[in-house]
Amino acid sequence: MGSIDDVDHNIPQLEEQGLLQDETTEQYTGDGSVDFRGKPAIKHNTGNWRACPFILGNECCERLAFFGIATNLVTYLTTKLHEGNASAARNVSIWQGTCYLTPLIGAVLADGYWGRYWTIAVFSMIYFVGMCILTLSASVPSLKPAECLGSVCPPASPMQYYVLYFGLYVIALGTGGVKACVSSFGADQFDDTDPKEKAKKASFFNWYYFSIYLGALVSCSFIVWVQDNAGWGLGFGIPALFMGLSVGSFFLGASLYRFQKPRGSPITRMCQVVLASVRKHNLVVPEDSSLLYEMPDKNSGVERSRKLMHHDDLNILPSLRVLSTTTGLPLHDLLKLLFSFFFLCLNKGGGIENLDSHVSNLGFRHYIFCCLRPDVNTVCGARNYDGH
């Protein structure tokens with residue numbers, strides 16, 4: 001048996017071990033981010049403001065390139081390709097609409113498969129390729145129609161149209177990956193578990209929007225002037241040059257970034273919401289919110305995600321928030337239960353909390369809790385009203 005003196009002798013060692021453990025914990029980020037080698041990110045070597053100039057520069061150059069094209073594109077189509085005003089305006093509107101739809105592609109790839117870094121990198125290079133094609137179409141004589149002779153304006157050939165619009169829609173694809181990921185990738189550089197870094201995140205978004213408007217200001221003033229006075233080849237070439245520089249600078253900052261690994265496709269979880277909502281449309285809501293289903297663990301079911309606690313916002317589907325007490329199920333209900341359970345548990349970590357973590361940012365937090373309390377709790381072992 002150890003004496004009291006032995007216990008007193010061990011106390012300093014235990015305190016020293018505790019201090020070393022605290023120092024090790026403070027050394028790394030608490031949000032599960034990793035560095036470019038895939039190891040836990042060290043706070044003083046990665047992320048924070050040291051990584052932001054590369055990200056903000058990429059966004060500024062992308063906005064400069066986009067507005068440098070979109071602002072004056074109708075003029076280019078009418079004066080150089082000899083399109084009518086209505087046709088040019090329609091084509092530009094379709095192109096701009098496509099630019100705002102392609103972020104759906106980039107978001108799915110970033111969240112489910114590639115991660116934000118590689119999505120930005122790949123789509124930025126696609127963007128740059130599209131800018132080069134557009135610049136060539138405005139610079140090479142054979143890729144643009146001849147100038148008007150008086151009131152006679154020769155129309156563009158099908159090949160000239162093809163090259164121009166191919167470049168434009170490659171740009172539209174490229175902007176989808178950049179627009180969808182840059183803001184969230186910049187936010188990843190700040191650790192939410194550190195109060196000091198969390199406060200800096202709001203300041204990052206101020207600079208993020210400043211970089212957007214800076215790029216738009218330069219393109220809507222200087223770039224447009226160059227296009228009208230120095231030629232369209234140079235007017236498209238300058239944004240292409242800046243886009244190329246942004247790609248290079250973005251890669252240069254790779255060793256400073258913090259990376260969040262992909263967490264699975266949110267589309268599957270959205271489908272789970274729809275299925276579960278149909279399954280629970282006729283249930284009655286108890287007044288006691290403690291009877292609503294909640295994951296028993298303090299941590300989220302999705303790896304590297306924090307758990308969101310219950311609240312009453314957006315209470316539009318209250319009948320879907322209740323736990324079912326049904327224990328004896330007819331055969332047809334049992335089959336429907338197993339069918340629902342299969343889809344709800346498609347993803348790693350279970351369908352309930354996993355789904356909640358991914359869709360909560362879209363404003364459907366309470367909707368998820370409404371949907372994901374069907375009779376599946378009798379299969380998963382969740383508690384009923386009686387607490388068992």
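How many helices and how many strands are there in the protein? Work through the exercises below to find out.

The model is predicted, so local features need pLDDT of at least 70 and side-chain atom pairs count only at pLDDT 80 or more, while totals for chains, interfaces and linings use all residues. Residues are numbered from 1 along each chain as its sequence is written, and side-chain values use heavy atoms, with hydrogens and water left out.

**Exercise 1. Describe the overall build of the protein.**

Solution.
- Step 1: Count the elements. The protein has 14 helices and zero strands. Helices (H or I, at least four residues) and strands (E, at least two) are DSSP runs, numbered from the N terminus.
- Step 2: Check burial. Of the 388 residues, 44% are buried. Buried means under 20% relative accessible area, exposed over 50%, and partly exposed in between (1.4 Å probe, protein chains only).
- Step 3: Look at contacts with a separation of 6 or more. Residues 24 or more positions apart account for 79% of them. Contact means heavy atoms within 4.5 Å.
- Step 4: Take the surface. The accessible surface is about 20,100 Å², and 64% of this belongs to carbon and sulfur atoms. These areas come from the Shrake-Rupley method with a 1.4 Å probe; for residues, only the protein chains shown count as cover.

**Exercise 2. Find the nonpolar cores and the elements that build the largest.**

Solution.
- Step 1: Apply the rule. A nonpolar core is a set of buried Ala, Val, Leu, Ile, Met, Phe, Trp, Tyr and Cys residues joined through side-chain atoms within 4.5 Å.
- Step 2: Take the largest core. It has 26 residues, and those with the most contacts inside it are I69, L73, Y76, L77, W95, L164 and L168.
- Step 3: Assign the elements. Two or more residues each come from α2, α3, α4 (85-101), α6 (116-139), α7 (158-187) and α9 (232-252). Helix α7 gives the most, with five residues.
- Step 4: Zoom in on L73. Beyond its neighbours within four places in sequence, L73 contacts V92, W95 and L168.
- Step 5: Look for another core. A second, separate core has 21 residues, including I55, L56, Y117 and I212.

**Exercise 3. Classify two aromatic pairs and place them in the fold.**

Solution.
- Step 1: Set the rule. Rings of Phe, Tyr and Trp (its six-membered ring) pair if their centres lie within 6.5 Å; planes under 30 degrees apart count as stacked, over 60 as edge-to-face and the rest as tilted. The count comes to 28 aromatic pairs.
- Step 2: Take F66 and F67. Their ring centres are 5.3 Å apart and their planes lie at 80°, so the pair is edge-to-face. F66 is buried at 2% relative accessible area, whereas F67 is partly exposed at 22%.
- Step 3: Take F185 and Y257. Their centres are 5.1 Å apart with planes at 75°, so this pair is edge-to-face. F185 lies in α7 and Y257 in the loop between α9 and α10 (266-279), so the pair ties together parts 72 residues apart in sequence. F185 is buried at 1%, and Y257 is buried at 0%.
- Step 4: Extend the network. Ring pairs link Y117, W118, F185, F250, F251, Y257 and F259 into a cluster.
- Step 5: Check for a charge. K179 lies over the face of F66, at 5.5 Å from the ring centre. The rule needs NZ of Lys or CZ of Arg within 6 Å of the ring centre and within 35 degrees of the ring normal.

**Exercise 4. Describe the surroundings of N72 and S219.**

Solution.
- Step 1: Locate N72. It sits in the loop between α2 (52-70) and α3 (73-79), and counts as buried because its relative accessibility is 8%.
- Step 2: List what N72 touches. Beyond residues up to four places away in sequence, these are V224, Q227, D228 and W232.
- Step 3: Find the polar contact. The side chains of N72 and D228 are joined by one of 3.1 Å. Such a contact is a pair of N or O atoms within 3.5 Å; within protein, one must be able to donate a hydrogen and the other to accept it, and residues adjacent in sequence count only if both atoms are side-chain atoms.
- Step 4: Locate S219. It belongs to helix α8 (residues 195-229) and is buried at 0% relative accessibility.
- Step 5: List the contacts of S219. Leaving aside neighbours within four places in sequence, they are R63, L64, F67, G68 and V224.
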